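Visitor: I should like a close look at the aromatic rings of this protein and at their surroundings. Please take me through them in one connected account.

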Amino acid sequence: MKKIYLLSLLIISVFMMSCGGHFFNPRYYYNKSSSSSSGAAPDTGPEKLPDEVPADEDPFKLPEDYNDPNYQFSADKFKTWLFKASFQGDKLPIYTFFNDSRTWIHGGADWNNISAEYYDGKNGENTVISGILTVSIDNLKVYRYVGNNPLYSSLGYLPGRMDRFNFYSINGNASVAPLKQYLIAVDTYSKFIFAFGAITDTDSVMGQDVPISFEAVEKYGDKKAFYEYDPIGYVTENGSVILYDHYKTEFVSAPTSYMPKDHNFEKMAQPTPIGQGYSPYRPLNASSTDPASLEDQKNYKYEINRIKDSYSKLQYRNYSGYIVDGTSQMDLNLWKAGNYTGKSLKLYTYTFETASSGINTDAPNIKVVIDTYYNTEAQEIKTYKVKTITSKYRAIYENIANHTDTVIVSLVKVNNKDTISFDGSSLDPDFKDYNPIFTDRVAGATFFNAEKQKPYLLETKDVKYVFSSDGSTFTLTYKRKDWAWSDWADKTYTYTLARFDNDPDNHYRAVYEYNGAYYWVELSSSDNTIKSAHTGATIIGPGIDTLYEAYRETK
């Protein structure tokens with residue numbers, strides 16, 4: 001049984017022979033390579049859905065400098081920057097970001113057929129040093145995965161967290177050996193780089209272990225997200241990559257057993273050569289109820305009044321159940337485990353009001369109006385006032401009418417705009433209300449149509465859709481005449497949710513599957529009429545051939 005090695009920045013091992021230089025190809029991805037490597041393809045599915053994190057405990061949302069895409073320099077540089085990698089004799093990498101006349105080509109795929117952008121390298125610009133020889137990495141393609149960890153499904157992270165990360169890999173040849181490596185994850189906001197992979201199998205080449213199979217670090221060790229480990233370096237404004245001493249020491253001493261670590265540093269990492277430290281994205285605990293210093297209280301009041309003056313209202317609808325999984329079928333069991341049903345039915349509207357003290361420099365009251373879809377009589381109105389400011393970012397508010405009803409209001413950033421989180425929900429200033437997601441609109445509903453229809457030119461009547469309580473399945477029943485002279489025959493089919501529409505504007509439709517075929521199921525603008533359309537053995541469309549139409553009987 002081969003050892004399991006953990007590695008995210010997997011570097012070349014070079015073997016020199018009398019007939020020439022050879023180095024092995026450690027595979028760093030999740031499908032079997034077309035090369036001679038026999039490593040097994042790893043499972044990229046998350047072991048569980050990520051836990052929800054209140055906004056005041058979410059390091060990705062705090063109004064800190066590192067959450068600004070312009071921190072140190074603009075994140076836009078990474079949109080055009082190319083990436084190259086060379087390797088020293090001690091196997092330590094030299095990474096560089098740069099611009100020239102080449103550009104990233106969209107719509108490509110790497111050697112494992114994983115969707116990626118790419119560009120063609122030039123022979124000699126990426127090298128490996130072995131002893132006294134410098135070996136060129138030739139026939140090189142460099143790949144970039146924007147917002148997508150190639151070793152771990154996006155379902156394993158909270159929505160939006162991956163948006164700021166780029167992942168890089170290379171595929172080329174050095175001497176007579178292929179080189180396929182997945183290299184680093186770059187946070188384009190903080191400019192830190194992270195290790196993110198695990199070697200799960202090796203082969204023996206000339207008496208040395210060669211990694212051939214890989215999975216995400218999230219599946220091993222402490223099973224933490226890759227960005228929670230200490231960053232291993234950072235990117236400078238001129239495109240150079242500076243590696244911290246702890247990484248250089250640990251990697252060079254054991255390059256095939258390196259594991260990203262949490263070193264329990266006392267300070268957060270800084271983008272300086274001696275700035276090694278802990279990740280800004282390690283979990284926080286903001287549970288203090290003690291009053292903040294007067295200076296911090298003043299800061300909180302100033303900032304929340306600035307937000308009050310910027311927006312007439314803020315809105316929120318919980319779209320956490322809306323999962324887009326490219327063009328493929330989603331993992332329905334994983335979706336069900338999230339207990340998303342009904343979360344998108346309520347629309348929350350927040351307005352700021354001058355505090356009861358009448359002083360505009362005090363923290364404003366917050367009025368919350370809650371409207372429930374399909375039930376206009378169920379509107380709730382609550383008003384909260386500040387009780388205790390516990391930090392320069394955070395305060396405890398209490399319901400004016402019910403002092404036992406308290407919530408946390410935090411200063412956060414959403415899409416790089418200053419805003420607040422209310423009771424753990426971050427309020428996007430650019431929020432667009434699409435109404436509830438499809439499954440919430442149809443959950444538990446029945447649609448019926450007694451009229452005759454002719455899908456596939458076959459006469460049909462008494463069409464009925466009966467949806468499950470979570471909207472993830474429905475039973476379709478109807479009577480059909482297969483031939484003009486036939487009697488009416490009862491037909492029953494059960495369909496299963498396969499995918500939501502990839503466009504959030506289209507929350508009124510989704511794809512369901514039956515017996516290997518896919519069907520678009522769509523609601524009218526009033527939500528009172530439903531219809532289905534066949535799309536075939538793959539999810540395309542939406543289909544244009546309306547099959548069965550029915551009308552809502554129950555909400």
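Guide: A residue is called buried under 20% relative accessible area, exposed over 50% and partly exposed in between, with a 1.4 Å probe and protein chains only. The model is predicted, so local features need pLDDT of at least 70 and side-chain atom pairs pLDDT 80 or more, whereas totals for chains, interfaces and linings use all residues. Residues are numbered from 1 along each chain as its sequence is written, and side-chain values use heavy atoms, without hydrogens and water.

Aromatic pairs number 55, counted for rings of Phe, Tyr and Trp (its six-membered ring) with centres within 6.5 Å; planes under 30 degrees apart are stacked, over 60 edge-to-face, and the rest tilted. One tilted pair joins W104 to Y168, with 6.3 Å between the ring centres and 50° between the planes. These partners are 64 residues apart and link distant parts of the chain: W104 belongs to the loop between β5 (93–98) and β6 (105–109), and Y168 to strand β10 (residues 165–174). Strands here are DSSP runs of E, at least two residues long, numbered from the N terminus. Both W104 and Y168 are buried. F165 and F167 also form a tilted pair, because their planes meet at 40°, with the centres 6.5 Å apart. F165 has 0% relative accessibility and therefore counts as buried; F167, likewise at 0%, is buried too.

Charged side chains also meet rings. The charged end of K84 is placed over the ring of F98, 5.1 Å from its centre, and K224 lies over the face of Y229, with 4.7 Å to the ring centre. The criterion is NZ of Lys or CZ of Arg within 6 Å of the ring centre and within 35 degrees of the ring normal.

A single aromatic cluster is formed by F438, F447, Y465, F467, F474, Y478, Y493, Y495, Y512, Y514, Y519 and Y548. Strand β26 covers residues 459–467 and strand β27 residues 473–481, and the two pair in the antiparallel sense over seven bridges; pairing requires at least two DSSP bridges. One bridge matches T460 with R480 in β27. Both strands belong to a closed, antiparallel barrel of eight strands, in the order β25-β26-β27-β28-β29-β30-β31-β32. Its twist averages 30° from one strand to the next, with angles taken from 0 to 180 degrees between the N-to-C directions of axes fitted to C-alpha atoms.

Notes. Helix = DSSP H or I, 4+ residues; strand = E, 2+ residues; numbered from the N terminus.
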